[in-house]
Amino acid sequence: MSIAEQKFMVDAQGRNLVEMRPPGIQNNQPNDIQITAEQLLKDAEIHQTKEIRPPQQRIMDEAELQEYKFRKRILFENRVRRQRNYLGIWIRYAQFEEGLLEFRRARSIFERALEVDPSNIGVWMKYIEMEMRHKFINHARNVFERAIYQMPRIDQFWFKYSYMEEVLGNYQAAREIFNRWMTWKPEEKAWMAFLKFEERMGERENQRQIMYKYMEAFPKLKVYLKVAKFEIKQKAWDSARSIYERTLEELGQEALKEEYFIDFGRFEIRNKEYERAREIFRFGLKNIAKDKAYQLYQEYLAFEKQYGEKDEIDQIILNKRRIFYKELISQNAYNYDAWFDLANLEMSTKDVNRIRDSFEAAIKNVPPGNEKRFWRRYIYLWYNYAVFEELEANNIQKAIEIFERAIQLVPHQQFTFSKLWILYAQLLVRSKDIDKMRKVYGLAIGICPNIKIFQEYIQIELQLANIDRARILYQRFIEIFPDNPIPWIKFAEFENDLEEYERSEMIFELALQNNQMNMPETIWRAYIDNQIKLQNYEKVRELYEKLLERSKHVKIWISYAQFELSIKNVTGFRTVMQRGEKCYIGKPELKEERAILLEQWKDMEVEIGDEQEIKKISDKQPTKTIKKRKIKLLGDESEDFGYEEYYDYIFPEENPQQKNLGMLLNNAKLWKQQQEQKNG
């Protein structure tokens with residue numbers, strides 16, 4: 001349509017349709033005030049109408065009670081009329097009448113509900129439970145009889161019916177119920193329930209009859225095996241064997257499964273009929289496919305290993321497993337797990353030569369790379385080899401040679417195994433070669449010093465009561481690891497145990513003078529704990545003062561205060577806290593430390609129980625607020641990277657108005673407590 005034709009488009013009233021079109025958007029800029037989805041949801045929640053609930057009603061007299069009953073019954077009748085097929089309303093209606101002890105009405109309602117749906121199990125169960133709950137036993141029996149007559153396949157009714165009669169002590173009636181139930185051939189749990197009932201009654205012959213009826217009703221392998229196990233439990237061995245034999249005769253091909261032959265074979269083994277068991281296993285293996293008889297084969301092998309007279313079966317098994325492991329090794333010579341399995345297999349044969357050959361073949365496969373992660377699994381082959389020679393072969397000299405070969409093989413310049421040196425030294429101690437043990441540890445310390453090696457060496461010397469040697473080793477320990485706090489602390493504890501307190505103190509002092517120490521706080525902590533243990537409190541204060549000269553960390557102040565409080569020096573504790581607070585006042589960058597200190601101070605005052613001091617410290621507590629600040633990167637302060645939130649602490653002296661408000665609120669709280677005490 002051309003522009004000229006559009007000018008003459010008019011409607012029925014003669015208005016120009018082109019001119020009536022909505023004007024185009026002139027300004028595409030976003031509005032200054034934006035409405036968020038959160039605001040829309042909040043506005044909708046405010047204007048949402050709340051559910052109107054009827055007020056609670058209290059019944060004061062008989063007339064109101066009758067009116068209430070009438071009104072509720074009218075309500076229930078209207079509901080069941082509108083939703084006749086919804087049985088939940090019927091049940092609630094009946095329970096309402098039950099609550100009013102109107103049992104005739106409740107029964108009437110249940111009967112009406114059953115007319116709507118006579119096959120609803122829930123209605124029947126609620127009906128029965130009501131009768132049982134109020135001890136209307138004959139009514140309950142009548143309902144049970146109607147239910148099982150109408151729905152005899154529902155096990156729930158039978159279970160509950162028999163249980164009720166058993167609880168009432170009417171055991172003969174319960175037995176009759178079970179017998180009627182069994183005529184319907186229910187599932188296994190029903191037969192087992194009948195069996196348990198007879199067990200409780202102590203009727204063994206009845207139990208046997210139940211199991212045989214169960215077997216006749218369900219001629220399956222699972223049932224036959226269950227009956228056989230029942231006879232075994234009753235120690236009726238001939239009857240159990242007869243059941244096993246009947247299983248194969250009556251079931252035929254269905255019985256040719258490995259679980260049948262395994263159970264039958266185990267039964268004969270328990271009766272020490274080993275030839276019977278052997279023939280059973282062989283017959284099963286002959287008539288069952290190999291892919292379905294793996295477990296039976298394993299059972300037969302275990303039987304032959306335990307009761308067989310020939311060693312051929314064992315040898316076949318060993319050869320089979322040996323071939324399997326060698327195939328794995330041929331695929332990957334560095335598969336050390338396969339080497340371990342092969343060595344363990346050979347160890348089970350007790351053949352020393354075979355075991356040594358397997359270990360020697362295994363340790364020849366040295367890892368290709370000089371990285372410790374490749375050697376971690378390999379080195380255990382040497383450990384196991386040495387343990388075998390010492391414990392199984394009783395050849396200690398051979399075990400020593402194995403350790404020496406392993407030490408020569410490991411590239412100690414790249415890495416070492418402290419366990420290798422330690423196990424070797426322990427073996428020498430057991431062989432009473434103390435001089436060689438010391439040479440081994442000396443070699444280890446000279447080639448590849450290790451903390452574990454030092455600790456084990458020192459421990460052995462202490463067990464040998466060589467105090468001077470242990471002291472020399474500790475000195476050597478410190479010389480090699482001067483920046484590690486462990487040797488310093490262990491050395492000081494060693495001297496302390498010997499009651500050489502001056503030596504212990506000098507060791508700690510030397511450690512504190514070492515400026516290259518890693519984690520010096522552990523030295524300080526150990527030194528302070530040592531002096532506290534010795535009850536040298538003045539020395540502890542001196543150490544804390546020295547530590548505060550180096551650092552004003554909040555944990556130091558708190559630890560110092562806790563020490564003073566632990567020795568019941570409340571004045572000293574408060575002095576330390578006051579000094580700590582004074583140290584942080586006027587330093588904005590240490591606001592968080594000051595807040596932590598004040599919070600810990602308050603907790604300690606609460607432990608002391610001084611209300612005046614608690615109030616004083618509470619007034620000093622800061623207000624925690626969330627603020628925003630610009631994100632700035634080091635070396636680039638010109639570019640804006642947005643804002644981040646952080647916590648800030650506002651102390652009372654920084655905000656006098658807030659302090660006055662806090663005082664006002666506290667006074668109001670006290671006034672309220674006083675008023676409550678007066679009224680109370």
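The legends below describe close-up views of a predicted model.

**View 1. The segment annotated as a TPR repeat, residues 87-120.** An unreviewed UniProt entry places the feature "repeat: TPR" at these residues. In the predicted model, the chain over residues 87-120 is 79% helix and 0% strand, and the C-alpha atoms at the two ends of this segment are 9 Å apart.

**View 2. Glu131 in helix α6.** Helix α6 covers residues 121-133 and includes Glu131. With a relative accessible area of 1%, Glu131 is buried, because a residue counts as buried when this value is under 20%. When neighbours within four places in sequence are left aside, Glu131 is in contact with Arg107, Phe136, His139 and Ala140. Of these partners, Arg107 falls within residues 87-120, the stretch to which the UniProt entry assigns the TPR feature.

**View 3. A nonpolar surface patch that includes Ile467.** Leu462, Ile467 and Leu498 together make a nonpolar patch of about 190 Å² on the surface. Ile467 belongs to helix α26, which spans residues 467-480. The relative accessibility of Ile467 is 30%, and this residue therefore counts as partly exposed.

**View 4. Cys448 and Cys583 in a structure with zero disulfides.** Cys448 has a relative accessible area of 7% and is therefore classed as buried, and Cys583, at 15%, is likewise buried because its value is under the 20% cut-off. The structure holds zero disulfides, so no pair of cysteine sulfur atoms in the model lies within 2.5 Å.

Note on methods
Residues are numbered from 1 along each chain as its sequence is written. This is a predicted model: local features need pLDDT of at least 70, side-chain atom pairs count only at pLDDT 80 or more; totals for chains, interfaces and linings use all residues. Side-chain values use heavy atoms; hydrogens and water are left out. UniProt positions are given in the numbering used here, feature names are shortened, and annotations may be inferred rather than shown by experiment. Helices (H or I, at least four residues) and strands (E, at least two) are DSSP runs, numbered from the N terminus. Patches are made of residues with over 30% relative accessible area and no salt bridge: like charges are joined within 9 Å, nonpolar side chains (Val, Leu, Ile, Met, Phe, Trp, Tyr) within 5 Å. Accessible areas come from the Shrake-Rupley method with a 1.4 Å probe; for residues, only the protein chains shown count as cover. A salt bridge is a side-chain nitrogen of Lys or Arg within 4 Å of a carboxyl oxygen of Asp or Glu. Buried means under 20% relative accessible area, exposed over 50%, partly exposed in between (1.4 Å probe, protein chains only). Contact means heavy atoms within 4.5 Å.
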